[in-house]
Amino acid sequence: MKGNKEFSLLYPRGEEVEFKKLEDSAFHDLGLDVICKAVTSEPKEQEIIADILSYLTPDPEVTNYRQDVFEDVKSLPDIRGRIAELFEKIEFNRQFGVIRKSKDEVEGLWLLMHRLGQYRDYITCVDALKECLGDTRIRSKGLKDFKAYIDEVYADAHFNELKTDLEHLVMETSEIQSVTLGLNLNSRLEAISMGIVSVNNKPFKKSGIVSNFADGISGDRIREGNEWNGDMHYRLVDKNSSPGYAGFISDILKNTHPVLASVGTSTMTSIPKGDGLANAPAQFDVTLNKMLDSIAKSLRRTLDKYADMALYHIADVIPEFLYYIRLAEFLTGLEEKGFRFAKAGAVTGDDNRMRAKNFYNFKLALSLSDPKELVGNDLDFDTDHTIYILTGANRGGKTTSTQGIGLLFALAQGGVFVPADSFSFAPADCIFTHFPADEDKTMNLGRLGEECIRFREIFNGATAESLVLMNETFSTTSFEEGYYIACDAIRALLTKNVRTIYNTHMYKLGKDVEEFSGRPGNLGQKAASLIVKSDGGNRSFRLAVAPPEGTSYASDIAKKYGVTFDMLVGEGKTE
């Protein structure tokens, strides 16, 4: 995917940026699906957030550009709220505008009048947006460039000319207060055609003396001809009237629409069968179009002149702005509860590929009410620590830490502040995860076969700019077989200089890191043993670069579930 929009709040203007999309499995393994649902309950907004977080680029300028925009949006809640209100109005009009005529149909007056109101709203919103983004507190290049872009749109779209035209059109339509209809009847007093007699600058008012309809058509009160001398009473038809002429006229009156100028002649159109009640509004529109064809053409020409305005490009930025707004609001709420977040910094260079201070797993934090329950950790990726072999007791935090590192990259590259005291890194071109697959995905190949195929696909797609996260990979076979395959996988990853965390129960892999690092073809990069420290048999959830503790973690599991020899048959047996 390439970023090449006219303007975007997701990458610097004028740059062509290459993006790679996270696999759906990686998106799920990282817990990003859970995070999107926690941020907003609106499915459409969840899709927007998920889509942006799914596309990664290793360009550090893009990450820093997004981080700066997010900082402004988060730190200026008053501007954030006002822009959100403006965008809601623009988005409403844009969505309504999509409901258009059929391909070959000429826009009727009703749609033309809607476009008139739509353009007026756009002008109002853009004026307010210009003022809002002119706030001197805004520091990010993204929002400053957005202001400059709007200024360009304002000039290029001839806004002053548009304002003048709109004011003229609005002035004409604002004087129209009523329409006089003509209805032709057949011998059974059924409506056969209708038309407009006149367009008036005053509304009809209910007469003091109202004759009923039967009296109006009986005896010598039937008027000669059809010319109106101005002496006419207005009868307000009851909304609950029965079908027939009263119902038809009521429907017409309730759905009368504005027209553009007074007209001296009427145009008749046939009434559909059955009194035409259901189609009265559409029929009335046809009549208006026929009678006011020249005026409609003039209005259409005026509006079409601005049909390709860059205002619609401004509307295209709304989903991106919404993304920042929703995440800024969400993080602000978490900060109020005591959770901490930091602005990430993207860097270049091989020697400082990641430095995380006191980070924690963002997904885990969503399930906690007290931030004091979190355990923070430090971790670096550099030449001596390209691949981490992470070992430790079951349920000690290996998977949580592995996932947490992936979330640091995904959130930071999405422009979102990260759950840490500080975080600097070289962005990844993609994040690959090799977590246990669902049972139904291993039916044909078996678990080990499925694992091997997935790892080969990951290896072929990974580069020196990638991040690979492996969770108990090759653990579905015997220790000897799994260890043999895992050794080759680690050696192969070192030849590509791929940042990797491999959490595993195979502690021997952690003991063999020097052997992996000394093999030819690994470009001087090294593997390192990373452990979850035990604290007197208790789980500390703290990481340390150190050799594996002990020879096996099975004893921890046995103690937890009461199946040591002593606990089963002797002293210390549990109830």
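Which helix does Phe565 lie in? In this predicted model, Phe565 is found in helix H22, a stretch that covers residues 565–569. With a relative accessibility of 63%, Phe565 counts as exposed, because the label applies to anything over 50%. Phe565 also has company at the surface: together with Val563, Leu568 and Val569, Phe565 makes up a nonpolar patch. Taken together, these four residues offer about 430 Å² of accessible area.

Zooming out, the chain runs to 575 residues, and 48% of them are buried. Its secondary structure comes to 22 helices and 17 strands. As for the outside, about 29,000 Å² of the chain is exposed, with 51% of that area supplied by carbon and sulfur atoms. Contacts reach well along the sequence, too: taking those between residues at least 6 apart, 74% link residues that are at least 24 apart.

Back at the level of single residues, Asp29 gives another picture. Asp29 sits in helix H1, which spans residues 24–29. Asp29 is buried, yet it has no salt bridge. The nearest side chain of opposite charge belongs to Arg454, and that one is 5.4 Å away; a salt bridge would call for a side-chain nitrogen within 4 Å of a carboxyl oxygen. So what does Asp29 touch? Leaving aside residues up to four places away in sequence, the contacts of Asp29 are with Gln403, Thr433 and Phe435.

Conventions:
Residues are numbered from 1 along each chain as its sequence is written. This is a predicted model: local features need pLDDT of at least 70, side-chain atom pairs count only at pLDDT 80 or more; totals for chains, interfaces and linings use all residues. Side-chain values use heavy atoms; hydrogens and water are left out. Patches are made of residues with over 30% relative accessible area and no salt bridge: like charges are joined within 9 Å, nonpolar side chains (Val, Leu, Ile, Met, Phe, Trp, Tyr) within 5 Å. Accessible areas come from the Shrake-Rupley method with a 1.4 Å probe; for residues, only the protein chains shown count as cover. Helices (H or I, at least four residues) and strands (E, at least two) are DSSP runs, numbered from the N terminus. Buried means under 20% relative accessible area, exposed over 50%, partly exposed in between (1.4 Å probe, protein chains only). Lys and Arg count as positive and Asp and Glu as negative; His and the chain ends are not counted. Contact means heavy atoms within 4.5 Å.
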